[in-house]
Number of protein chains: 2
Amino acid sequence: MNLNKLLKFDDKGLIPAVVQDAKDGTVLMVAYMNREAVRRTLKLKKSVFWSRSRKSFWLKGESSGNVQKVKEMRIDCDGDCLVIKVQQIGGSACHTGHRSCFYRKVMPGGRLKTEGKPLFDPKKVYGH
Amino acid sequence: MNLNKLLKFDDKGLIPAVVQDAKDGTVLMVAYMNREAVRRTLKLKKSVFWSRSRKSFWLKGESSGNVQKVKEMRIDCDGDCLVIKVQQIGGSACHTGHRSCFYRKVMPGGRLKTEGKPLFDPKKVYGH
């Protein structure tokens, strides 16, 4: 079976990609790819997503230098989701400076508890 | 900040949930929840999804007994994705009998390599 035959994109031509730290399995972020972004990711061995807000390709870390080196890609049974195991350069995947975008834990009653501190100041890295 | 205020659903009223093994961090599956499924998951402490194919609530493991005991829920920076850390009863999350739905690795050229063996015979557990 070949990846291209199995890949199923949604009605917007996208597939979600779960980005996981290759070493300890922490889920760093979830973003979306179209067919060309999958191709570029495999070719460059760096995460390339489709930005739904900017409607453009998004080489993660292109401006900051904090790219994600892709160590492994997996596809699920239905072919409609990817897992990408990466080495996150700079340590943080999240635009807030946190290592993972999932830095808030849901507590009883729905209260959110922030865990850990940002590893960098997003203003300095992203200039906004 | 409260979960209900932060949660962002897509144009179908859904949010993706990455289900991760609470012990070793393996990504077991990705499924979707609507607001009510999130509420039921938190109340029952078992994964409840919205089945996009059957268009109904889906208490994972309801027929097989292989439920997912929810140990932790996390939400991402944008509020449009969840991570759920679970104890998978029966060991396998995938309907194929594999522990994880992501049992195929993408090899050079797009070839897919199956890793591991199914832990159960899906015909016996699901009857199809």
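Before anything else, let me fix one word: when I speak of contact, I mean heavy atoms within 4.5 Å. With that in hand, and bearing in mind that what we are looking at is a predicted model, I can start with how the two chains meet. Of the interface residues of chain B, 100% are also interface residues in chain A, so the copies meet through the same surface. As for the symmetry, chain B is superposed on chain A by a rotation of 180° with 0.0 Å of shift along its axis, at an RMSD of 0.0 Å. That is the relation of a two-fold axis. If you would like a landmark for that axis in chain B, take B:G25, whose C-alpha is the nearest one to it, at 2.6 Å.

Let me turn to the strands of chain A, beginning with β6(A), which covers residues 82-88 and is mostly covered, in that five of its seven residues are buried. On one hand, strand β1 of chain A, residues 15-21, runs parallel to β6(A) and is joined to it by five bridges; within that pairing, A:V18 has A:V83 as its bridge partner. On the other hand, β5(A), residues 68-75, pairs with β6(A) in the antiparallel sense over seven bridges. Here A:V83 appears again, since the residue that stands opposite A:V83 in this pairing is A:R74, while A:K69 has A:Q87 as its bridge partner in β6(A). The hairpin formed by β5(A) and β6(A) has six residues between the strands, and in it A:G79 takes a positive phi near 75°.

β5(A) deserves a moment of its own. Like its neighbour in the hairpin, β5(A) is described as mostly covered, with six of its eight residues buried. The pairing of β5(A) also reaches across to the other chain: two bridges join β5(A) to strand β7 of chain B, residues 104-106, and these strands run antiparallel. Which residue of β7(B) does A:R74 stand opposite? The residue is B:K105, and so A:R74 is a useful place to rest your eye, with A:V83 of β6(A) opposite it within the chain and B:K105 of β7(B) opposite it in the other chain.

Now to helix α2 of chain A, residues 35-44, whose buried residues are A:A37, A:V38 and A:T41. Why do these residues lie on the same side of α2(A)? They cover an arc of only 105° around the axis, and that puts them on the same side of the helix. As background, an α-helix has 3.6 residues a turn, so residues three or four places apart point the same way. Just after α2(A) comes A:K45, which takes a positive phi of about 55°.

The aromatic residues come next, and over all chains the structure holds four aromatic pairs. I will take two of them from chain B. In the pair of B:F49 and B:W58, the ring centres are 5.2 Å apart and the planes are at 50°, so the pair is tilted. B:F49 is buried, at a relative accessible area of 0%, whereas B:W58 is partly exposed, at 26%. The pair of B:W50 and B:F57 is edge-to-face, with 5.0 Å from centre to centre and 85° between the planes. B:W50 is partly exposed, with a relative accessible area of 22%, and B:F57 likewise counts as partly exposed, at 30%. B:F57 has a further neighbour, in that B:R40 lies over its face at 3.9 Å from the ring centre. In chain A, the charged end of A:R40 sits over the ring of A:F57, 3.9 Å from its centre.

Finally, two loop positions. A:K55 is found in the loop between β3 and β4 of chain A, and has a positive phi of about 50° although it is not a glycine; its relative accessible area of 62% makes it exposed. Is B:N66, in the loop between β4 and β5 of chain B, buried or exposed? B:N66 is buried, with a relative accessible area of 12%, where the cut-off for buried is under 20%. Leaving aside residues up to four places away in sequence, B:N66 touches B:K60, B:G61, B:Q88, B:I89, B:G90, B:F120 and B:V125.

How values were computed: Residues are numbered from 1 along each chain as its sequence is written. Chains are lettered from A and ligands numbered from 1 in the order in which they are written. This is a predicted model: local features need pLDDT of at least 70, side-chain atom pairs count only at pLDDT 80 or more; totals for chains, interfaces and linings use all residues. Side-chain values use heavy atoms; hydrogens and water are left out. Buried means under 20% relative accessible area, exposed over 50%, partly exposed in between (1.4 Å probe, protein chains only). Helices (H or I, at least four residues) and strands (E, at least two) are DSSP runs, numbered from the N terminus. The arc is that of the directions from the helix axis to the C-beta atoms. Copies are superposed by least squares on the C-alpha atoms of residues with pLDDT of at least 70 in both. Rings of Phe, Tyr and Trp (its six-membered ring) pair if their centres lie within 6.5 Å; planes under 30 degrees apart count as stacked, over 60 as edge-to-face and the rest as tilted. A charge sits over a ring if NZ of Lys or CZ of Arg is within 6 Å of the ring centre and within 35 degrees of the ring normal. Two strands pair if DSSP finds at least two bridges between them.
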